[in-house]
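Please read the following account with the sequence and the model side by side, and look up each place as it is named. The paragraphs lead from enclosed spaces to strands and then to a single residue.

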Amino acid sequence: MAYRRFCLAGAMLVVLPGAAMAQTQAAPAQPAAADPAKALAATTPAKPAAPPKAVAPAVKTVETITVTGLVPDEKSTIDTKSYTLSKDLQAQTGSIADALRNVPAVEVDLQGNLSVRGDGNVTILVDGKPSPAFEGADRAAALQNLPADQIERVEVMTNPSAALTPEGSGGVINLITKKSRGGGWTGSAYATASTGGLKRGGLNLGYNSKMLSLTAAFSGNYQRNKDHAIDERGGLDPTTNQFLNTIDQGLGRNLQRGPTARITASLTPNDKDTFTGEYSFTQLLFYGHPNDAYTDFGPTGQPTTIFDFHGHRRFLETGNSGSAGWKHTFAENETLSIDAVYNATIDRDHFLDTTTYTLPVGKTAPLELFRNDGNVHHSELRVAYARPLAGGSLKAGYEVRHEDNDYPFAIFEGPTETSLVDQPNLDNHYLFKQTVQAIYATYQHAFGDLDVQGGLRLEDVRFDLNQLTSGARPSQDYERAYPTLHLGYKLDDDQKLSASYSVRVQRPPSMLLNPLLVVDGPQDFQRGNADLKPKETRSFELGYEQHAGGQSYSATLYYRRTKDDAAQVITDIGNGSFLYSFGNLG
């Protein structure tokens, strides 16, 4: 639980006691005889008595008055909803996947697959920057590996403004990491263990001075899991013109572990400039032991082929990320910031399998080793400017993002593990480069109780795919405009209405663009389509929010219209095998 503290030092409480004044009245003396002179003197007013001496007031000093208030669990702006994780027990001992299950509109299944309102195409940022751990095919494992203890708040933007990337048809989730607070050195540590072989521990350190702030977080994760799957397929046999079935019963036992480390620094040499730097290291080691039992059935319903597929997978992903930034304040609410980001990720995915046939009797198959590696490099430069303008606020900026990736794939075969030989006809090696340049502007203005924000983002995208195995060199170059509009209307202090519109995009990953035919499994083949267009989603939302009794209630009506979705096309190529290709059919 986070708190704000306001201190009124040296406050004076002054007590002024009233001066007590006593009056005494003596009994009148009986005169001896009537004397006119004395009687006249008695009627003359007496000289007033001197006033009492002033008494100094008593003074009491209250050294400190402390006012304590809770930071709200939920904050909302015109385009963002933010949720604190400080009250969630999972945020203290679990993974970020566990904590995100309690965030409205966000769903995370037991395997760590994340979606927002049922759409899994979600962009995940860390402190507003891309993170290599959350961009690959093993994002689900990364979410289960990252401890939630390192995250302070979660920002959910289902309709982000034009100031953020339009990538991700489901929206953007921004993970805000914890920063050190307090003076001098601070620190904390935690450890947790549970059933199922889950173990997790971490250490957080911080240092704060007038000019320098440092934060460091180190953690480790270990867990085991098991999964079952049944895949039943059917296809029309062109020879017998009958429908034939294939059943795959799978059982997988998996183990994953990995350390993470993050170090951030912030330097404020004066009240105008702030310099920031960050370095993070992530490693995910995954051991998998999949076992599949395949059965092909003939026209009479009897098995014609039975074989077992035993595999051993070792996946190692190592990511290094660095960023540096500078922010200058010209005047109140007028700022200029420049940020540079560089991410490098190395994937080594090696899969060794053994196939044992029961039918046909005596049939054998060699050992196979699949090496699916990747070397991914992401660099980004962002310039952002913000200032008040005509009673509102203007934000504008320029961004350039570049990807330079290398994907070698090879299959080795042989009778034993020490005699495996590369199969050149099954190689698949390609290079993928993509550059996205963007300019954007948003303007927000309040008209009484109505708050309006409009934005426009223009992007130029170019990618080049160099298929080294086949020699193909497909490429695309296109421009897109992404407008956004957000409205907020305050009914009273506890109720408000909202409406928003945005255009989102989901660019196809490079493996769906690769035109080479590749082996994807014992009975699966895949061929990409270099002419795939990006999927475009137009998103409309209408919302109502109310605060009552310390609780927040909201309801949102949303509508999405999508075109050029990359649908999967499955072709039966006989003998229980299928070819997977892709087209803009959805």
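The lining of the second largest cavity in this predicted model is made up of seven nonpolar residues, two polar ones and one charged one. The residues concerned are Phe432, Gln434, Phe463, Gln476, Tyr478, Arg507, Pro508, Leu513, Leu532 and Pro534, and they surround a space of about 50 Å³. Two strands, β23 (428–447) and β25 (475–490), each contribute at least two residues to the lining of this second largest cavity.

How many cavities of 30 Å³ or more does the count give? There are three cavities of 30 Å³ or more, and the largest of them has a volume of about 410 Å³. Its lining consists of 29 residues, of which Val126, Ser131, Ala133, Ser280 and Thr282 are the closest to the centre of the largest cavity. Several elements give two or more residues to this lining, namely β10 (129–130), α4 (139–145), β16 (243–267), β17 (273–297) and β18 (303–331). Sorted by class, the lining of the largest cavity holds 12 nonpolar, 13 polar and four charged residues.

Two of the strands that help to line the largest cavity, β16 and β17, can now be followed through their pairing. Strands of a sheet pair through backbone hydrogen bonds, and they may do so in a parallel or an antiparallel way. Strand β15 (residues 212–236) pairs with β16 in the antiparallel sense, and 25 bridges join the two. Within this pairing, asparagine 221 has glycine 258 of β16 as its bridge partner. The two strands β15 and β16 form a hairpin with six residues between them, and in the turn asparagine 241 has a positive phi of about 60°. From β16 the reader can go on to β17, since these two strands also form a hairpin, here with five residues between them. Strands β16 and β17 run antiparallel and are joined by 20 bridges, and in this pairing leucine 255 stands opposite tyrosine 287 in β17.

Strand β10, which also gives residues to the lining of the largest cavity, belongs to an open sheet of six strands, arranged in the order β5-β6-β11-β12-β9-β10 with mixed pairing. The edges of this sheet are β5 (74–76) and β10, each of which pairs on one side only. Further into the order, strand β6 (residues 81–84) and strand β11 (residues 151–157) pair in the antiparallel sense over four bridges, and serine 82 is found opposite glutamate 155 in β11.

The last stop is tyrosine 443, which lies in strand β23, a strand already met at the lining of the second largest cavity. Is tyrosine 443 buried, partly exposed or exposed? Its relative accessible area is 27%, and tyrosine 443 is therefore partly exposed, as this class runs from 20% to 50%. Leaving aside residues up to four places away in sequence, tyrosine 443 touches Leu389, Ala390, Gly391, Gly392, Ser393, Leu394, Val452, Gln453 and Gly454. With one of these residues, leucine 389, there is a contact through the side chain of tyrosine 443, which reaches the backbone oxygen of leucine 389 at 2.6 Å. Leucine 456 lies 13 residues from tyrosine 443 in sequence, and the C-alpha atoms of these two residues are 9.5 Å apart in space.

Conventions: Residues are numbered from 1 along each chain as its sequence is written. This is a predicted model: local features need pLDDT of at least 70, side-chain atom pairs count only at pLDDT 80 or more; totals for chains, interfaces and linings use all residues. Side-chain values use heavy atoms; hydrogens and water are left out. On a 1 Å grid over the protein atoms alone, a cavity is a set of points where a 1.4 Å probe fits but cannot get out, and a pocket is an open set with protein on both sides within 12 Å along at least five of seven lines; lining residues have an atom within 4 Å of a point. Grid points are joined across faces, edges and corners, and a volume is the space filled by probe spheres set on the points. Ala, Val, Leu, Ile, Met, Phe, Trp, Tyr, Cys and Pro count as nonpolar, Asp, Glu, Lys and Arg as charged, and the others, Gly among them, as polar. Buried means under 20% relative accessible area, exposed over 50%, partly exposed in between (1.4 Å probe, protein chains only). Contact means heavy atoms within 4.5 Å. A polar contact is a pair of N or O atoms within 3.5 Å; within protein, one must be able to donate a hydrogen and the other to accept it, and residues adjacent in sequence count only if both atoms are side-chain atoms. Two strands pair if DSSP finds at least two bridges between them.
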